[in-house]
Amino acid sequence: MSQQQTDNAGVEISVGYFFATPVAAVMLPNAEAINADLRARVLAQRKREPGKNASNRGGWHSAEPTENWAAESAQAIVSAGEEVANQMTMDRQGTYFRPRWESRAWANINGPGDANDFHYHPGSFWSGTYYVDDGGCAADASLGGEFEIMDPRGTGVAMHDPSLVMADGAQNSGGTTMTFTPRSGLLLLFPAWLQHQVRPYYGDRERISFAFNLSRAV
Ligand SMILES: [Fe+2]
């Protein structure tokens, strides 16, 4: 994508913006029913298994495959994620392509003070996160819990002078991060290689999310 600009002397400049990072945000239309079912299943599963430690600082991260305990609701989220992925996947010739996706999913519960450190998901193509219960974050920004992605160029852009950024279409060219506010029913899909974290959550209610990885089945 390029943009035509004119400098003060009237000289036309064509500015190209390259290497964009696709991140999709989708509100699932049938979220209420999915969330009610999944919430009950996640809370029940936590009683059955201790979970595991991954990127989470505190909180609970399910370990047992979700297909064993989360049934249709989990599949509905993964299927929705696959459909979004299909809208964002092309072959090398630039034609939209629908691979046969292989998925792996898990659930997270974050209580007060819990967070997830910056990490990425090796071995997958797309990753997704879905909010079963935002824990009140959508209504009250002071509760934190934001989903934060890091500019894949790292801190390189800011190394010279952190007060300068290169103007771009998205206004985010700064070697910095972007945050998304959790909202029950919101699904985010992003490249698996994109570094992301969950900022500490300060609400009283438990915040429940569901995450998945998509890779091309072989
Ligand atoms: Fe993650």
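**Exercise 1.** In what order do the six strands of the open sheet run, and is the pairing parallel or antiparallel?

*Solution.* Keep in mind that this is a predicted model. Start with the order: β3-β11-β8-β13-β6-β5, and the pairing is antiparallel. Next, look at the ends: β3 (24–27) and β5 (60–61) are the edge strands, each with a pairing on one side only. Then zoom in on one pair: five bridges hold β8 (residues 126–133) antiparallel to β11 (residues 186–191). For a register check, find T129, which sits opposite L188 in β11.

**Exercise 2.** Work out which strands helix α1 lies across, and at about what angle to β8.

*Solution.* Pick out α1 at residues 31–48. This helix lies across β3, β5, β6 (101–110), β8 and β13 (207–216), and its angle to β8 is about 90 degrees.

**Exercise 3.** Decide whether P29 is buried or exposed.

*Solution.* First locate P29: it's in the loop between β3 and α1. Now count neighbours: 9 other C-beta atoms lie within 10 Å of P29. The cut-off for exposed is 12 or fewer, so P29 counts as exposed. As an extra, try W106: it is 77 residues from P29 along the chain, with 21 Å between their C-alpha atoms.

**Exercise 4.** Sort the side chains of β9 by face, then find the strand's partners.

*Solution.* Walk along residues 147–150: F147 and I149 point to one face and are buried, whereas E148 and M150 point to the other and aren't. On to the partners. β10 (residues 177–180) runs antiparallel to β9 with four bridges, and M150 is bridged to T177 there. β12 (residues 196–198) is also antiparallel to β9, through three bridges, with E148 opposite Q197.

Methods. Residues numbered from 1 in each chain as written. Predicted model: local features only at pLDDT ≥ 70, side-chain atom pairs only at ≥ 80, totals over all residues. Pairing = 2+ DSSP bridges. Helix = DSSP H or I, 4+ residues; strand = E, 2+ residues; numbered from the N terminus. Contact = placed C-beta atoms within 7 Å. Axes fitted to C-alpha atoms, helices over the stretch in contact; angles between N-to-C directions. Buried ≥ 20, exposed ≤ 12 C-beta atoms within 10 Å, placed from the backbone.
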